[in-house]
2 protein chains.
Amino acid sequence: MRFEVWAPKAQESVVLRLDGEDMAMRPDPAGDGWWAVEAPAAAGSRYGYALDGGPVLPDPRSRRQPEGPDGLSAVVGPDAYERRVPWAGRALPGAVLYELHVGTFTREGTLDAAAAQLDAVAELGVTHVELMPLCPFPGRHGWGYEGVSLWAVHEPYGGPAALTRFVDAAHERDLGVVLDVVHNHLGPSGNYLPQFGPYFTDTHHTPWGAAVNLDAPGSDEVCAFLLGSALAWLRDFGLDGLRLDAVHALADTRALTFLEELSAEVDLLGAETGRPLFLIAESDLCDPRTTTPRPLGGLGLHAQWNDDFHHALHTALTGESQGYYEDFARAPIAALAKTLTRVFFHDGTYSTFRGRTHGRPVDRTRTPAHRFLGYAQTHDQIGNRAQGDRLSATLPPGLLACAAALVLTGPHTPMLFMGEEWGATTPWQFFTDHTDPELARAVRDGRRREFAAHGWAAEDIPDPQDPATRERSCLDRSERDEEPHARLLAWYRALIALRADQPDLSDPDLAAVAVAFDEAERWLTFRRGELRIAVNLSDAPRDIPLGRGAPHRVLASWEEVSPPDPTGVLRLPASCAVILTGA
Amino acid sequence: MRFEVWAPKAQESVVLRLDGEDMAMRPDPAGDGWWAVEAPAAAGSRYGYALDGGPVLPDPRSRRQPEGPDGLSAVVGPDAYERRVPWAGRALPGAVLYELHVGTFTREGTLDAAAAQLDAVAELGVTHVELMPLCPFPGRHGWGYEGVSLWAVHEPYGGPAALTRFVDAAHERDLGVVLDVVHNHLGPSGNYLPQFGPYFTDTHHTPWGAAVNLDAPGSDEVCAFLLGSALAWLRDFGLDGLRLDAVHALADTRALTFLEELSAEVDLLGAETGRPLFLIAESDLCDPRTTTPRPLGGLGLHAQWNDDFHHALHTALTGESQGYYEDFARAPIAALAKTLTRVFFHDGTYSTFRGRTHGRPVDRTRTPAHRFLGYAQTHDQIGNRAQGDRLSATLPPGLLACAAALVLTGPHTPMLFMGEEWGATTPWQFFTDHTDPELARAVRDGRRREFAAHGWAAEDIPDPQDPATRERSCLDRSERDEEPHARLLAWYRALIALRADQPDLSDPDLAAVAVAFDEAERWLTFRRGELRIAVNLSDAPRDIPLGRGAPHRVLASWEEVSPPDPTGVLRLPASCAVILTGA
């Protein structure tokens with residue numbers, strides 16, 4: 001088999017160590033920094049590269065790291081990617097996503113254990129699971145955003161073959177699989193790439209230090225590395241889409257940026273294979289261009305997370321107003337109404353948190369609603385809280401039901417965070433398993449310092465390195481059958497089924513979403529075609545004027561609700577949501 | 001009159017010092033960092049602001065700095081902007097620009113002295129003069145890219161009233177006036193802005209250090225400051241366009257960038273006043289989006305300098321191959337042909353100089369050619385050479401004539417650098433007049449170090465601080481009447497007249513520019529409608545096969561040339577250009 005590595009930093013030699021034997025590699029005559037050698041190897045063979053007589057390092061394009069990021073790479077045979085289940089795919093329009101962290105979805109924390117729980121996910125009615133990052137990182141447990149081997153699967157999760165099995169299990173249940181991939185930084189721990197080539201650049205700075213090199217000298221191969229990794233997930237493992245972490249941190253001044261190139265490549269692969277592949281950006285920019293098609297001057301990503309909708313919903317539900325919630329909290333119901341109809345709250349408005357004007361308007365008349373993901377909770381919005389508490393920790397079930405209604409009947413493509421569907425009582429906290437004691441201490445202290453600035457005592461902040469922190473974050477499925485969880489789960493199921501049954505609910509026309517609300521009385525209602533959704537977020541019953549001729553038939557309701565009276569007034573109990581139809 | 005200043009850095013107080021008297025200013029109750037006071041003042045009144053008891057600083061929005069950037073500001077009355085000459089304006093399509101540095105265009109180095117020489121510029125036939133930067137900078141002489149008061153005119157040039165007189169003089173001769181403005185950095189010397197507010201940010205880095213703050217906290221007012229300055233030039237002084245220095249260095253991650261906002265504001269001002277205002281970017285990005293209209297996802301700038309055309313032409317003429325010329329020099333005639341038809345040489349091709357793939361293709365079928373400026377020489381391309389030597393220092397007149405033909409009959413909007421039209425023998429060197437001895441030494445040493453790296457001896461690099469360096473760079477009009485200068489000047493005049501007379505020469509259709517060339521024989525020919533242009537860049541006569549039915553009538557020719565023979569072969573003397581027509 002042919003071993004190849006891009007190692008322009010090597011001055012004199014690159015040696016392949018394969019199952020204990022050393023073999024000199026030959027530089028590519030083109031002088032492009034590639035080195036290669038033919039050597040006999042089998043699946044499971046351990047190998048690595050030594051540059052200029054240095055230590056043996058794992059392959060940057062390693063497909064398996066059996067001993068973790070610091071160990072040797074392993075050869076993976078084609079059977080590791082062999083899927084048994086043919087699947088036509090499911091497109092993003094009409095999708096409902098389910099964000100899932102393999103390490104805490106089950107106590108075992110493996111892909112196989114997660115696959116064994118997919119029946120319940122399928123029964124919930126969602127269309128895709130969105131897996132949090134799977135690339136190898138130091139230690140056994142972690143969120144996964146510190147991955148280093150962008151072509152491999154974390155071995156404690158089961159490695160590449162387990163991912164193939166998981167994809168099969170999902171497809172068997174008509175569930176698509178989306179993977180969260182991190183291109184904006186690597187490591188810090190176990191990151192050997194800088195020893196191979198100019199993977200990073202000081203030209204730009206990011207929250208994680210030196211930026212991934214997308215536009216400085218040598219960046220062509222770095223872009224090819226990232227592109228290749230992204231396409232490998234879709235092609236080799238049969239994944240159906242990717243979630244791109246923090247695309248705003250991909251500093252790239254080129255005329256043709258990495259993101260645009262990536263979206264073009266993914267569209268091409270989709271066209272070639274007849275699969276509805278898609279890319280979902282996490283973006284802090286409130287920039288419609290992120291999801292605008294390439295021919296119209298956009299980056300051509302297929303969707304993006306809409307944190308503005310989350311922030312409006314979160315402040316409307318909780319009354320919280322710290323940090324980036326400040327602008328939303330001034331009139332949260334109005335903010336919620338704005339994000340339901342105009343997507344971005346910050347569409348050229350002043351952002352106190354950023355100290356400047358932020359965002360620009362989405363063209364509602366031309367932009368399909370499904371390009372924006374809407375959610376009440378995500379790994380970030382839960383896990384980045386001091387104690388990783390979910391909404392269910394503080395809100396009454398009725399408000400959780402309202403949140404579900406707003407997410408699942410609104411114009412956004414809905415996304416849930418695992419366990420949300422039954423109001424899981426387990427928190428989802430920040431946990432790490434750094435093997436480097438220095439880094440472990442820095443992470444623990446950094447976390448405490450961060451929240452001390454917001455008035456938290458150190459002892460109230462869970463220790464990320466304590467194994468109990470991860471264990472505490474594992475879902476407890478035994479509570480699903482208890483009240484109020486069972487009732488909430490039935491409500492989620494009913495709403496998701498409604499979304500599938502009622503085409504009005506996946507109407508892409510943002511301009512057709514007519515909203516009315518009362519900030520003081522804390523109710524909000526909006527139209528989706530023949531349907532009318534009403535939520536009462538207050539702690540008292542409210543009379544909501546829907547107008548004469550308002551829809552009368554109750555399709556779904558959290559509490560017993562009477563149809564609107566002849567003048568069109570709907571009396572809604574406290575913390576209650578209802579879906580009415582005129583059809 | 002009302003004095004206002006944005007000074008969010010002031011904690012306690014801002015004091016207006018006006019003609020020696022101190023007056024306390026009041027902070028705006030909105031808490032936005034603005035301070036104001038009403039005070040009696042007249043044109044010429046000197047004033048400045050003291051923050052928190054500190055030294056009196058010039059006004060960031062000063063319209064006049066009689067004693068230079070470090071002195072007090074002066075009140076300017078409305079009569080300083082009163083123009084006598086009404087002018088309808090001239091649009092960019094069909095324009096021929098003439099880049100002019102006020103400090104060396106005449107030995108006096110003032111706007112009034114420059115205005116006195118405008119008859120010759122008008123007689124040349126160009127449509128616009130493009131003035132190098134006019135904002136105040138330390139000392140008397142300099143290129144002007146180290147300006148600090150972005151709302152004022154360098155006093156040694158004559159100050160604001162002199163600019164008004166210059167604009168009148170130009171408009172009187174049917175010449176538009178474009179100004180080179182620098183938004184990407186200020187100073188370094190005499191830059192007091194950081195004492196007032198967050199004008200700069202460490203979030204991004206530029207070749208000049210901290211970036212102008214376009215997207216970090218507090219940036220709204222910084223953008224307003226830059227926008228206001230740009231609009232003031234167009235509105236108050238009646239300028240017809242702006243050249244935006246190095247827009248690639250404007251780090252701006254916002255969804256609505258400064259450049260897009262600027263182009264929208266300028267279009268609005270143009271629409272409101274009925275004037276064909278335009279913006280011309282200097283950009284290193286080879287990105288069509290720079291000049292793509294805003295509704296199509298672009299920045300909406302009206303044109304950009306096309307350095308790729310320059311580099312192709314320069315290497316074809318000189319054979320130079322160092323630095324960024326390397327990729328062009330491999331096949332310079334082919335590179336020239338590519339830029340004549342496809343604008344960017346680097347349109348997704350590998351740039352050795354940058355160590356990566358660069359640029360993206362211009363859509364030739366939809367992009368009017370006039371959006372790209374073409375030139376054989378500019379202040380940068382001459383002045384950034386070790387000795388500031390023009391093409392005329394090394395090339396025979398015939399090659400200068402070929403360069404002129406390629407610029408003035410090609411699809412680009414042509415631009416000349418002052419003196420080019422007669423092949424001026426005066427160099428145009430890098431000169432400064434820093435008053436800070438530390439900075440003066442750093443600039444001198446930096447310049448020598450830069451060129452030492454390319455094998456230049458220190459004594460061969462002109463001292464930027466030596467007054468003789470600037471004097472050497474002043475045009476010498478006495479040589480215009482001598483040969484070969486007079487003949488070249490007549491050739492430039494003839495070509496510019498031809499461009500005005502022949503609509504084919506300003507045809508915006510890039511796709512219609514059909515080019516043929518022979519790299520080894522060093523000739524190139526291209527079609528513009530009924531016209532055919534042919535140049536022979538070699539030092540021997542060439543037989544150029546134009547094809548049967550090729551245009552026969554010689555419209556203009558550098559040497560005596562016979563029409564093509566019956567088989568369509570044109571015999572062209574060495575270093576010669578000809579324009580043929582079939583009409």
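How many salt bridges does the rule find over all chains? The count comes to 58 over all chains, a salt bridge being a side-chain nitrogen of Lys or Arg within 4 Å of a carboxyl oxygen of Asp or Glu. The model is predicted, local features need pLDDT of at least 70, side-chain atom pairs count only at pLDDT 80 or more, and totals for chains, interfaces and linings use all residues. Residues are numbered from 1 along each chain as its sequence is written, chains are lettered from A and ligands numbered from 1 in the order in which they are written, and side-chain values use heavy atoms, with hydrogens and water left out.

**View 1. The rotation axis relating chain A and chain B.** Chain A is superposed on chain B by a rotation of 180° with 0.1 Å of shift along its axis, at an RMSD of 0.0 Å. The two copies are thus related as by a two-fold rotation axis. The superposition is by least squares on the C-alpha atoms of residues with pLDDT of at least 70 in both copies. Among the residues of chain A, A:Gly297 comes closest to the axis, its C-alpha lying at 2.2 Å.

**View 2. The interface of chain A and chain B.** Chain A gives 25 residues to the contact and chain B gives 25 residues, where contact means heavy atoms within 4.5 Å. Of the interface residues of chain A, 100% are also interface residues in chain B, so the copies meet through the same surface. About 1800 Å² is buried between the two chains, and carbon and sulfur atoms give 42% of this area. Buried area is the accessible area (1.4 Å probe) that two parts lose on being put together, summed over both. On the chain A side, A:Ala255, A:Arg356 and A:Arg360 lose the most area to chain B, together 31% of what that side buries. Two salt bridges are found across the interface. A:Arg360 forms a salt bridge with B:Glu260, with 2.7 Å between the closest N and O atoms.

**View 3. The salt bridge of A:Asp180 and A:Arg243.** The N to O distance between these two side chains is 3.0 Å. A:Asp180 belongs to strand 11 (residues 176-181) of chain A and A:Arg243 to strand 14 (residues 241-244) of chain A, so the pair ties together parts that are 63 residues apart in sequence. Helices (H or I, at least four residues) and strands (E, at least two) are DSSP runs, numbered from the N terminus. A:Asp180 counts as buried at 2% relative accessibility, and A:Arg243 counts as buried at 0%. Buried means under 20% relative accessible area, exposed over 50%, and partly exposed in between (1.4 Å probe, protein chains only).

**View 4. The salt bridges of A:Asp252 and B:Asp463.** A:Asp252 pairs with A:Arg254, the closest N and O atoms being 2.9 Å apart. A:Asp252 is buried at 17% relative accessibility, and A:Arg254 is buried at 9%. In chain B, the side chains of B:Asp463 and B:Arg444 meet at 2.9 Å, N to O. B:Asp463 lies in the loop between helix 13 (437-452) and helix 14 (467-472) of chain B and B:Arg444 in helix 13, so this pair ties together parts that are 19 residues apart in sequence. B:Asp463 is buried, with a relative accessible area of 18%, whereas B:Arg444 is partly exposed at 24%. In chain A, salt bridges that share partners join A:Glu130, A:Asp180, A:Arg243, A:Asp245 and A:Glu282 into one network.

**View 5. The surroundings of B:Glu130 in strand 10 (residues 128-131) of chain B.** B:Glu130 is buried, with a relative accessible area of 0%. Not counting residues up to four places away in sequence, B:Glu130 touches ten listed neighbours' worth of chain B, among them B:Tyr98, B:Val178, B:Arg243, B:Trp305 and B:Met415.**View 6. Helix 12 (residues 397-409) of chain A.** At 1.5 Å a residue, the 13 residues of this helix should span 18 Å, and the end C-alpha atoms are 18 Å apart, which agrees. The expected span is 1.5 Å times one less than the number of residues. Helix 12 is mostly covered, with 12 of its 13 residues buried. The buried residues include A:Gly398, A:Leu400, A:Cys402, A:Leu406 and A:Thr409.

**View 7. A:Leu555 in strand 25 (residues 553-557) of chain A.** A:Leu555 is partly exposed, with a relative accessible area of 24%. Leaving aside neighbours within four places in sequence, A:Leu555 is in contact with A:Leu498, A:Gln502, A:Leu531, A:Ile579, A:Leu580 and A:Thr581. The C-alpha atoms of A:Leu555 and A:Ala162 are separated by 41 Å.
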